[in-house]
Structure formats: C-alpha cells, structure tokens
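I opened this notebook to record what I looked up, entry by entry, and what came back each time. The structure goes in first, and my entries follow.

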Amino acid sequence: MNILNTSAGQDAMAEQPWWVAQWMDLIHSYRYKKRLERAWDYMHEGHVLSIRFEGRRVHARVQGTGKDPYKVKLWLDTLSNEDWDYVLDALSRKARWTAQLLAGVMPQDIERAFAASGRSLFPWELREVRSECSCPDKANPCKHIIAVYYLMGDRFSEDPFVLFQLRGRTRQQLLDQLAQRRISNATEQGVTVQTGMLPPQVRRTWSYEEDMDPELVVITPALEGELGVDEAGALPVAPDTHNPDANRLFLHHLHEQGQR
C-alpha cells in the first residue's frame, strides 16, 4: 500500500516528467473547464485529506461542503496475464527499456512495448479511468474525483511504477519478471549469464555506500546491439588529478569490454 503526502501544491507540479505531463494533458481534455478549476482549487487548498494506492485501486477522502469527507475510488482496467507476457517479452528484448525502468525512469517510447499486446499503459481518454464518489453530484467525474486526479499526477512524478501497478503489476513483480526474461533470452542464445555483486572498482567509482542486493544485478549482453555505456550517456567518473587521461582510457576500455 502506498500513501501520498497531500501537501503538494502548484509549485510541486511545475517541473513535470513527461509521463506526468501526459497524465495532466489527459485531465485537461475534460471539456468542463470550470469544474477543472474548482478541482484544482480543492487540491491546492488541501481538501484531499488522504489518498492511498492499494493494488489496482486508488482510495481517497475529499472534504466537500458537508461535515463528513466524501469517499473517492479510482481504477484502471488491468491487463490479463497473457497481455503482460507480451509486454514483458517486448520490454526484456530492449536493454534500454530495462535499464531506464531499473533507474526509475519511464521510457518515452514505452507504449511500443504495450502495443505488442494491443493494449496501452496510459489511458487514451479520461473515460477509461473508472471512478466513484460518494458525493450527491450525478456528474462523473465530479470535482472531488478530478482533485484526486491531480494528486495522482504528483504521485506518478515520485514513482512511475504506480502506473504499472494500476495495470496489474507491482514494481517488484515487474522488475523480477523482467530479470527472469533477460536471463531466459540470453540463455536461449547460448550466452553465459552472470549474476552477483558489482565489482569493487565500480563500487568505488560510483561511491556506493553498501552492496546491492544480488537479485537486482543481472548482467547480460545487449540483445539489439545496444551497449549500456552508450545508452547511459555521460558517466559520473571522478577526475584523477594525478592521471588526467585515466578517465578517457577507462571509458574506452569499458566500451571495448561491452562490445566483447
């Protein structure tokens, strides 16, 4: 269960990752703009008293004009196990997708993986977001529901894996199944797969304070000719004042090793 701090305001949403911006665009596609404005005020003024994510459902309490807060429920249609098999196979065959997800970043072309199942990660229309509110307003979504939409965007900014959770896979399930498929794909190609701790040299270079869980480290060759070094961009290698050329040589040898 994830519980969100509801003190976030407009300033907290000013710097949005692209996946949050896409969620906000979905909200703003709602044609009743006055209702959007009132919902934004509700969120900004702290009327959303609590919001929690339990499995595929979002539960929230929103204080309206009455004495007791209204209860709001939101959910998305989940993917079937067969759909997820297609998605995970697609994700596991592109090293960059796996690397970005492990880093907590949503790949910009993530929908290509979901297209393999004929489904999508993001809702295409607001009506795909199922919702209920205990308020007397017959319209759906009401301002209480939309206020929760806004706070969901804030939660997506903190943890993009919530989107996967709403579609039926938790963060741990997704990463575990991705690792299993990467190993399986490499094994099918006759490649020896190594798992275990990062070598001491790497831990020193990136200043890790503690060893990583061995289950999180899976080393396989790129399956599409991609190198992790190339996809990662500039690496945070500390300069060596005694040997100014050391970093260039280190990265050169690292690239050569990746190609091998």
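**Entry 1: annotation.** Which residues does the UniProt annotation "domain: SWIM-type" cover? I noted that the model is a predicted one, and then found that the annotation, which comes from an unreviewed UniProt entry, covers residues 122-153. When I took the end C-alpha atoms of residues 122-153, I found them 12 Å apart, and the secondary structure of that span came out as 34% helix and 12% strand.

**Entry 2: the whole protein.** I listed 11 helices and seven strands in the protein. Of its 260 residues, 40% are buried, and the exposed area comes to about 14,900 Å², of which carbon and sulfur atoms supply 48%. I then looked at contacts between residues at least 6 apart in sequence, and noted that 66% of them join residues at least 24 apart.

**Entry 3: helix H2.** For the 12 residues of helix H2, residues 33-44, I expected a span of 16 Å at 1.5 Å a residue, and the end C-alpha atoms are indeed 16 Å apart, which agrees. I next asked which residues of H2 are buried, and the list that I wrote down is Leu 36, Ala 39, Trp 40, Tyr 42 and Met 43. These residues cover an arc of only 155 degrees around the axis, so they sit on the same side of H2. What covers the buried residues of H2 includes helix H1 (18-28), strand S2 (48-54), strand S3 (57-62) and H6. Just after H2, I also noted Gly 46, which takes a positive phi of about 85 degrees.

**Entry 4: helix H6.** Because H6 had turned up in the cover of H2, I ran the span check there as well, under the rule of 1.5 Å a residue. The 16 residues of helix H6, residues 143-158, should span 22 Å, and the end C-alpha atoms lie 24 Å apart, which agrees. Is H6 largely enclosed or largely open? I found 14 of the 16 residues of H6 buried, so the helix is largely enclosed by the rest of the structure. One residue of H6 that I followed up is His 144, which is buried with a relative accessible area of 4%. Leaving out residues up to four places away in sequence, I found that His 144 touches Tyr 42, Val 62, Gly 64, Tyr 70, Val 72, Cys 133 and Cys 135.

**Entry 5: Trp 18 and the aromatic pairs.** I placed Trp 18 in helix H1 and read its relative accessible area as 22%, so Trp 18 is partly exposed. Its contacts, again without residues up to four places away in sequence, are Met 106, Pro 107, Gln 108, Ile 110 and Phe 122. Trp 18 and Pro 107 are 89 residues apart in sequence, while their C-alpha atoms are 9.5 Å apart in space.

I then searched the whole structure for aromatic pairs and obtained 10. Trp 18 and Phe 122 form one that is tilted, at 5.8 Å centre to centre with 45 degrees between the planes. Since Trp 18 lies in helix H1 and Phe 122 in the loop between helix H5 (111-115) and strand S5 (130-133), the pair ties together parts that are 104 residues apart in sequence. Phe 122 itself counts as buried, at 2% relative accessibility.

How are the rings of Tyr 30 and Tyr 32 arranged? Their centres are 5.5 Å apart and their planes stand at 65 degrees, and since an angle over 60 degrees counts as edge-to-face, that is how I recorded the pair. Tyr 30 counts as buried at 12% relative accessibility, whereas Tyr 32, at 43%, counts as partly exposed. I also wrote down a cluster in which ring pairs link Trp 84, Phe 114, Phe 161 and Phe 164.

**Entry 6: Gln 165.** My last look-up was Gln 165, whose place is in helix H7, residues 161-166. Gln 165 is buried, with a relative accessible area of 12%, and its C-alpha atom is separated by 9.7 Å from that of Leu 76, a residue 89 positions apart from it along the chain.

Terms used: Residues numbered from 1 in each chain as written. Predicted model: local features only at pLDDT ≥ 70, side-chain atom pairs only at ≥ 80, totals over all residues. Heavy atoms only, no water. Helix = DSSP H or I, 4+ residues; strand = E, 2+ residues; numbered from the N terminus. Expected span 1.5 Å × (residues − 1). Buried < 20%, exposed > 50% of the residue type's maximum accessible area, 1.4 Å probe, protein only. UniProt positions renumbered as here; feature names shortened; annotations may be inferred. Contact = heavy atoms within 4.5 Å. Areas by Shrake-Rupley, 256 points an atom, 1.4 Å probe, with all protein chains shown as cover. Arc of directions from axis to C-beta. Phe/Tyr/Trp six-rings, centres within 6.5 Å; stacked < 30°, edge-to-face > 60°.
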